[in-house]
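Here's a quick tour of how some helices pack against one another, and of a pocket among them. Have a look at the model first, then read on.

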Amino acid sequence: MIGTKLSNSPAQLAGILCNDPQFQKFAAIRSGLPDQQINASAAAEYLRTVCNIITRRDLDLRGEAYNKFNALRTDFDAWRGRIAAPREGSHNG
C-alpha cells in the first residue's frame, strides 16, 4: 500500500536489537562481562534468557514474554540515555 508504514513485528525488533553494538555491550554488562563486547548470537541468547523464550518468534504472541521484552527495551533505552529512567519494576537480567 502506498503511504502505509509497515511496522516490524516484536521478533523482528528483537533481531534488530541483537545486532546493535550498543545492545551487545549492554547485554555483556548485564551478563557480568563488563569488559567484553559480545556478538549478535550471544546478545540473542541474553534476550531469550531474560524474556524466558526459546525463539524470538515467541515474542510475536504478545504475552508475558512480550511484556518482558518491552521492559528490557526500556532498561536499555535508560542505560544508553535515551530516557531518564526505566519504568517502575522493569529491572531485567
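Helices α2 and α3 are oblique to each other, because angles from 35 to 65 degrees fall outside the roughly parallel and roughly perpendicular ranges. Their axes come within 9 Å and cross at roughly 55 degrees. Keep in mind that this is a predicted model.

So who touches whom here? On the α2 side you'll find F23, Q24, F26, A27 and R30, and they meet A40, A43, Y46 and L47 of α3. Sorted by class, that contact has seven nonpolar residues, one polar and one charged. As for handedness, α2 passes α3 in a left-handed crossing.

**Three crossings side by side**

Helix α3 also takes part in two other pairings, so here's a table to keep them straight.

| Pair | Axes come within | Crossing angle | Citation |
|---|---|---|---|
| α2 and α3 | 9 Å | roughly 55 degrees | α2 (residues 21–30) |
| α1 and α3 | 8 Å | roughly 130 degrees | α1 and α3 axes |
| α3 and α4 | 8 Å | roughly 120 degrees | α3 (residues 40–51), α4 (residues 64–79) |**α1 against α3**

The axes of α1 and α3 cross at roughly 130 degrees, which makes α1 oblique to α3. This time the crossing is right-handed. From α1 come A14, L17 and C18, while α3 brings A40, A43, A44 and L47. If you sort the residues of this contact, you get seven nonpolar, no polar and no charged.

**α3 against α4**

For α3 and α4, the axes cross at roughly 120 degrees, which makes α3 oblique to α4. Here too, α3 passes α4 in a right-handed crossing. The α3 residues in the contact are Y46, L47, V50 and C51, and they pair up with A65, K68, F69 and L72 of α4. This set divides into seven nonpolar, no polar and one charged.

You may have spotted L47 coming back: it is listed in the contact of α3 with α2, with α1 and with α4.

**The largest pocket**

Now for some empty space. Rolling a probe the size of a water molecule over the atoms shows where such space is left. In this model, the largest pocket has a volume of about 200 Å³.

Which residues line the largest pocket? They are L13, I16, L17, D20, F69, R73, F76, D77, R80 and R82. Helices α1 (10–18) and α4 each supply at least two residues of this lining, and α4 gives the most, with four. By class, the lining has five nonpolar, no polar and five charged residues.

Two names link the pocket back to the helix contacts. L17 lines the pocket and also belongs to the α1 side of the contact with α3. Likewise, F69 is in the lining and is part of the α4 side of the contact with α3.

Note on methods. Residues are numbered from 1 along each chain as its sequence is written. This is a predicted model: local features need pLDDT of at least 70, side-chain atom pairs count only at pLDDT 80 or more; totals for chains, interfaces and linings use all residues. Side-chain values use heavy atoms; hydrogens and water are left out. Axes are lines fitted to C-alpha atoms, for helices over the stretch in contact, and angles run from 0 to 180 degrees between N-to-C directions. Angles under 35 degrees count as roughly parallel, over 145 as roughly antiparallel, 65 to 115 as roughly perpendicular and the rest as oblique. A crossing is left-handed if the near helix is turned anticlockwise from the far one by less than a right angle, and right-handed if clockwise. Contact means heavy atoms within 4.5 Å. Ala, Val, Leu, Ile, Met, Phe, Trp, Tyr, Cys and Pro count as nonpolar, Asp, Glu, Lys and Arg as charged, and the others, Gly among them, as polar. On a 1 Å grid over the protein atoms alone, a cavity is a set of points where a 1.4 Å probe fits but cannot get out, and a pocket is an open set with protein on both sides within 12 Å along at least five of seven lines; lining residues have an atom within 4 Å of a point. Grid points are joined across faces, edges and corners, and a volume is the space filled by probe spheres set on the points.
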